[in-house]
Protein chains: 2
Amino acid sequence: MTTDTRPKQAVVHGADFTVGGMAKGSGMIHPNLATMLAVITTDYPLAAGEAIELLRPAVDESFNAITVDGECSTNDAVCLLANGASGVRRSLDSDLAFSAALRAVCADLARQIVADGEGATVVAQIAITGAASDDEARALARRIATSPLVKTALFGRDANWGRVLAAAGSAPYNGGFAQLDPDLVTLRFDGTTVIDSGTPLNVEPDPHGDALCIELDLALGTGSATYLTSDFSYDYVRINADYRT
Amino acid sequence: MTTDTRPKQAVVHGADFTVGGMAKGSGMIHPNLATMLAVITTDYPLAAGEAIELLRPAVDESFNAITVDGECSTNDAVCLLANGASGVRRSLDSDLAFSAALRAVCADLARQIVADGEGATVVAQIAITGAASDDEARALARRIATSPLVKTALFGRDANWGRVLAAAGSAPYNGGFAQLDPDLVTLRFDGTTVIDSGTPLNVEPDPHGDALCIELDLALGTGSATYLTSDFSYDYVRINADYRT
């Protein structure tokens with residue numbers, strides 16, 4: 001992964017329709033704001049007003065669940081254009097298939113944006129399960145995904161479970177902190193369990209490559225959320241310190 | 001400033017008493033958590049229970065208003081020991097003088113901790129005035145002080161007012177965001193006004209050296225707060241990426 005912007009495109013071919021998308025982000029024009037723009041097109045027939053109904057949940061679990069540096073952009077936008085040219089006769093089945101294709105395209109583009117983040121050398125998926133609620137799971141995932149200590153550990157390819165748990169334990173939620181009981185948590189790096197129901201196991205995962213998965217199960221409830229994040233590298237500092245207003 | 005830990009000490013000599021303190025922090029023993037410990041001693045006479053009453057506000061505006069990387073420590077502690085050996089006869093005046101000396105020692109130690117932060121090359125004071133409330137001012141100061149884009153700009157010595165305002169505009173507060181009207185804000189870098197009541201002035205401050213002051217006046221109310229922060233440098237990444245669990 002370099003700091004050059006690469007084309008970000010995704011396509012899903014359904015049985016009788018197609019969903020395609022393209023995105024820019026993470027350093028293309030205004031490198032200080034990770035400006036994100038995505039356009040998704042389809043030949044699936046949608047009535048006026050339906051596009052936003054389908055797009056919103058797909059965006060929540062993709063473009064709204066990624067971070068490069070925890071900073072908000074001034075002008076993010078995602079739009080969905082549907083011209084109906086496929087001539088599909090819609091049914092519940094075709095609607096579900098379209099919804100799934102739309103979510104897959106959004107998730108694919110969102111991942112490409114993170115991978116192309118400023119100075120990024122790795123994309124890490126933070127997957128929270130067993131939280132007290134989905135909202136708390138999202139707060140926990142966001143806190144871990146934006147932690148400078150977690151992100152520098154990712155750059156160093158260190159399976160630093162202490163930093164992950166310290167970040168999780170300080171996830172702001174509802175004026176306080178998201179619920180977490182250290183005696184109950186199970187934590188995995190790339191499938192290797194490092195903490196089992198609160199007990200640290202004497203294993204040393206060796207994360208490498210450009211993709212990593214951190215799974216945290218809180219064993220408190222049924223709330224879950226996923227976030228994608230990149231690492232903090234020397235290049236991240238270089239790009240953002242050298243930039244001049 | 002290097003990544004070596006330097007001794008952090010402060011003393012204030014009152015007319016007839018002394019307040020001294022020492023602190024560790026920002027990489028001394030457990031470099032991944034900026035563990036902070038401070039001990040303050042005085043010969044001023046205090047009754048049992050009075051120390052915490054005086055210490056709490058002094059800590060709120062010093063040790064609780066600093067950040068190196070936005071991460072919480074697992075074991076911060078500040079304690080105040082008073083043995084009364086000065087033999088001072090207490091009065092309202094002497095109490096006020098002692099309180100001021102205590103605050104000065106806390107502020108001095110807190111600044112030394114930030115200056116000795118991992119990889120820090122600059123200490124920046126973020127001063128918010130004119131916020132809707134003190135709590136909102138604190139939320140704004142904290143958001144600016146922890147923003148990776150502000151901190152990399154500090155490392156690059158760039159008076160990047162866009163990043164400061166973008167961070168301020170996304171300061172979480174009370175489930176929403178702290179109030180800010182971009183048409184009213186005045187922003188100064190080291191005393192040089194770059195935005196005057198919402199109007200960007202065509203000036204280019206040239207921040208340099210190892211101390212910097214960013215003043216943001218919101219012109220909304222009387223809330224104020226101050227935060228000290230360090231920059232994100234190559235050394236910050238190196239120290240935290242090389243560290244091994």
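## Long-range contacts, salt bridges and the chain interface

In chain A, 76% of the contacts with a separation of 6 or more are made by residues 24 or more positions apart. The model discussed here is a predicted one, and every value below is computed from it.

**The fold of chain A.** Chain A comprises 6 helices and 13 strands, and its radius of gyration of 19 Å is close to the 18 Å that the globule rule gives for 245 residues, so chain A is as compact as a globular protein of that length. Taken along the principal axes, the C-alpha atoms of chain A fill a box of roughly 60 × 45 × 35 Å. Of the 245 residues in chain A, 47% are buried.

**Salt bridges.** Over all chains the count comes to 10 salt bridges, and three of the pairs are set out here with the distance between nitrogen and oxygen.

| Pair | N to O distance | Separation in sequence |
|---|---|---|
| A:K8 and A:D116 | 2.7 Å | 108 residues |
| A:R90 and A:E50 | 2.6 Å | 40 residues |
| B:D116 and B:K8 | 2.7 Å | 108 residues |

A:K8 forms its salt bridge with A:D116; because A:K8 lies in strand β1 (residues 8–13) of chain A, and A:D116 in the loop between α2 (92–115) and β6 (123–131) of chain A, the pair ties together parts that are 108 residues apart in sequence. Are these two residues of chain A buried or exposed? A:K8 is buried, since its relative accessible area is 3%, and A:D116 is buried with a relative accessibility of 1%.

In chain B, the salt bridge between B:D116 and B:K8 links the loop between α2 (92–115) and β6 (123–131) of chain B with strand β1 (residues 8–13) of chain B. B:D116 has a relative accessible area of 1% and is buried, while B:K8, at 3% relative accessibility, counts as buried.

The side chains of A:R90 and A:E50 also meet in a salt bridge, which joins the loop between β5 (77–82) and α2 of chain A to helix α1 (residues 50–60) of chain A. A:R90 is partly exposed, with a relative accessible area of 34%, and A:E50 counts as partly exposed at 24%. A:E50 and A:R90 belong, together with A:D95, to a network of salt bridges.

**Positive phi in two loops.** A:N174, although not a glycine, has a positive phi of about 55°; A:N174 sits in the loop between β7 (172–173) and β8 (176–177) of chain A and is exposed, with a relative accessible area of 72%. A:A219 is likewise not a glycine and has a positive phi of about 55°. The loop that holds A:A219 runs between β12 (211–217) and β13 (223–230) of chain A, and A:A219 is partly exposed there, at a relative accessible area of 47%.

**The interface of chain B and chain A.** At this interface, 33 residues of chain B are in contact with 33 residues of chain A, and the two chains bury about 2700 Å² between them, 57% of it on carbon and sulfur atoms. On the side of chain B that touches chain A, the elements that give two or more residues are α4 (148–155), α5 (161–168) and α6 (234–242) of chain B. By class, that side of chain B has 15 nonpolar, 10 polar and 8 charged residues. How many salt bridges cross between chain B and chain A? The rule finds 0 salt bridges across this interface, whereas it finds 2 residue pairs in polar contact there, with both residues at pLDDT 80 or more.

Conventions:
Residues are numbered from 1 along each chain as its sequence is written. Chains are lettered from A and ligands numbered from 1 in the order in which they are written. This is a predicted model: local features need pLDDT of at least 70, side-chain atom pairs count only at pLDDT 80 or more; totals for chains, interfaces and linings use all residues. Side-chain values use heavy atoms; hydrogens and water are left out. Contact means heavy atoms within 4.5 Å. Buried area is the accessible area (1.4 Å probe) that two parts lose on being put together, summed over both. A salt bridge is a side-chain nitrogen of Lys or Arg within 4 Å of a carboxyl oxygen of Asp or Glu. A polar contact is a pair of N or O atoms within 3.5 Å; within protein, one must be able to donate a hydrogen and the other to accept it, and residues adjacent in sequence count only if both atoms are side-chain atoms. Helices (H or I, at least four residues) and strands (E, at least two) are DSSP runs, numbered from the N terminus. Ala, Val, Leu, Ile, Met, Phe, Trp, Tyr, Cys and Pro count as nonpolar, Asp, Glu, Lys and Arg as charged, and the others, Gly among them, as polar. The radius of gyration is taken over C-alpha atoms; the globule rule is 2.2 Å times the number of residues to the power 0.38. Buried means under 20% relative accessible area, exposed over 50%, partly exposed in between (1.4 Å probe, protein chains only).
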